[in-house]
Amino acid sequence: MRQRWQNEEADPSLYLQRELRRQLDLTGELSDEEIGRMIDELIVSAGKQRHLSLQDMTRLRRELFNSVRRLDVLQELIDDDRVTEIMVNGTEGIFVERDGRITKWETGFDAAEKLEIIVQQIAGRCNRTVNEAEAIVDARLENGARVNIIMPPIALNGPIITIRRFPDHPITMRELIEWGSITQEAAEFLKRCVLAGYNIFISGGTGSGKTTFLNALSNFIPKDERIITIEDNAELQIREAENLVRLEARKANEEGEHEVTIRDLIKASLRCRPDRIIVGEVRGDETIDMLQSLNTGHDGSLSTGHGNSPKDMLSRLETMVLMGLEMPVSAIRRQIASGIDLMVHLGRMRDRTRKVLEILEVDGYDGITQEIQTHTLYRFEEMETDEPKVPGAKVRGALVRTGKLLHTGKLERAGILEGVAEE
C-alpha cells in the first residue's frame with residue numbers, strides 16, 4: 001500500500017475511497033457498523049505509512065463513510081437546515097443558498113471521479129440512468145430534496161448537480177403569516193375557499209415558493225377526504241391527510257419502455273375515487289388532462305405552474321394544452337375558465353423574501369372578446385419610502401383587498417358563506 005499511498009499526495013482520501021469501494025464490491029452488503037470498522041482498519045493501515053493527526057483521522061473517517069453511505073462532501077450541506085439550494089458546477093465550485101443569499105462554499109470536489117460517483121449514487125437510488133446518452137435526469141434524495149443532474153458533453157464544465165432542499169418539517173400557513181408572506185385575512189379567505197372546494201391554481205417564477213405554498217394550502221383540506229397527488233418527482237409534504245395516495249411519474253428504461261407520464265397518472269387517478277387531485281406542477285401536454293379533471297367534478301383540486309404573472313400563466317396554460325391536443329383557442333380558454341376558480345400568484349422580492357403578490361378570481365369566458373375574464377381580490381401594494389429600490393433593500397408593504405368574490409355558489413353549498421358576504 002506504501003507506494004500507491006504515496007502516489008496520492010494530492011488527494012490521499014481518493015485512494016482510500018477506491019480501496020474501500022473495492023473491498024465493498026468483494027464483501028457485499030454490510031451494515032453501517034461493519035463499514036465503520038472497515039474504514040477504521042483502512043485508516044490505521046494508512047497511518048502506518050504517513051503521520052495522521054487525530055483531526056485528520058476523524059476527517060477521513062467522516063469523508064469515507066459519507067462517500068459510500070451518503071453524499072460525500074455534499075452531506076454537510078444536506079444536513080444544514082439553513083441551506084435551501086445546492087449548486088455544484090462540476091469541479092469548479094459549489095454554490096449554496098442560505099437565508100435567500102447565494103455564496104460560494106469553501107469546500108468542493110477536487111477530483112472528477114468523486115463527483116461522478118455521487119452522480120451515480122443519486123441516480124441509482126431513484127432507479128434513474130444517467131450517462132452521456134441520458135444526460136439530463138431529475139431525481140430526489142431520501143429526504144425529499146429535488147435533484148437535477150446534467151452530464152457532459154452537454155455540461156461543458158463537468159457534471160452539474162442542482163439540489164433544491166425542502167424543510168424537514170413543512171412550512172405552515174401560520175409561519176407564512178408570521179414571515180409576512182401573506183396576511184391573516186387573505187389566509188383565512190383561502191382557507192374558506194379550500195374548504196368549499198374551489199379549484200385553485202398557484203403561479204410564480206423560479207424560487208417563488210410555489211411548492212411550499214401548495215403544501216401549506218393543502219393542509220386546509222378536510223381530513224376525511226381522499227387526496228391523490230401527482231408529481232414528476234415527489235416533493236409535496238402533505239402530513240395531515242389520512243387517505244392520501246402519492247403517485248410519481250417514471251422515465252422510460254434504457255430500451256425506451258415502461259414510461260409512466262403525468263398524463264397517464266392523471267387518467268389513472270380518475271379511477272381511484274379521488275375527492276381532490278393535486279398536480280404538483282404542469283409543464284406540458286398534461287395540462288389538458290389536469291383541466292379536464294377539474295371539469296369532471298373534482299372540486300377543490302390544486303395545481304401549480306411557472307409564470308411571471310397571472311396573465312402570463314393563463315397564456316402558458318393555453319400553449320401547454322396545444323402541445324398535446326389541437327383544438328381552437330376559444331375552446332381551450334373555455335376549459336381554463338370553467339376549471340380554475342382562483343389563481344394565487346407568488347413572487348420573490350428584491351430583499352429575497354417570498355410573498356403572495358396577487359389573488360384573483362376567474363370570472364369566466366367572454367364570448368365577445370374571446371378572453372378569459374378575471375378580477376383581482378387581493379394585491380400586494382408596496383409602501384412608498386425614501387429607501388432606494390435596489391437589490392437587497394427591505395421591501396415594505398401589504399397584501400390589500402381590492403375586490404370581492406363574485407362566484408359564491410360553492411361557499412353557499414358548503415354552508416360556510418358566513419364571514420365572506422362582505423368580501
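Which residues does F213 touch, not counting residues up to four places away in sequence? Select F213 in this predicted model and show its surroundings: the residues it touches are M173, L176, I182, L190, I202, V344, L346 and V356.

Next, widen the selection to the largest nonpolar core, which has 39 residues. F213 is among the residues that touch the most other members, together with M173, I182, F189, L217, V344 and I359. To see where the core comes from, colour the elements that each supply at least two of its residues: the helices α7 (173–178), α8 (184–196) and α9 (210–218), and the strands β7 (200–204), β12 (342–348), β13 (354–366) and β14 (371–382). Of these, α8 gives the largest share, seven residues. Now select L77, I94, V119 and I122; they belong to a second, separate core of 29 residues. As background, nonpolar side chains in soluble globular proteins tend to be buried together.

The last stop is a pair of helices. Select α12 (residues 310–322) and α13 (residues 329–339), whose axes come within 10 Å and cross at roughly 120°. The two helices are therefore oblique to each other, and their crossing is right-handed. Show side chains for the contact: on α12, pick L314, L317, E318, V321 and L322, and on α13, pick V329, I332, R333 and I336. Colour this set by residue class, and the contact divides into seven nonpolar residues, two charged and no polar.

Key. Residues are numbered from 1 along each chain as its sequence is written. This is a predicted model: local features need pLDDT of at least 70, side-chain atom pairs count only at pLDDT 80 or more; totals for chains, interfaces and linings use all residues. Side-chain values use heavy atoms; hydrogens and water are left out. Axes are lines fitted to C-alpha atoms, for helices over the stretch in contact, and angles run from 0 to 180 degrees between N-to-C directions. Helices (H or I, at least four residues) and strands (E, at least two) are DSSP runs, numbered from the N terminus. Angles under 35 degrees count as roughly parallel, over 145 as roughly antiparallel, 65 to 115 as roughly perpendicular and the rest as oblique. A crossing is left-handed if the near helix is turned anticlockwise from the far one by less than a right angle, and right-handed if clockwise. Contact means heavy atoms within 4.5 Å. Ala, Val, Leu, Ile, Met, Phe, Trp, Tyr, Cys and Pro count as nonpolar, Asp, Glu, Lys and Arg as charged, and the others, Gly among them, as polar. A nonpolar core is a set of buried Ala, Val, Leu, Ile, Met, Phe, Trp, Tyr and Cys residues joined through side-chain atoms within 4.5 Å. Buried means under 20% relative accessible area, exposed over 50%, partly exposed in between (1.4 Å probe, protein chains only).
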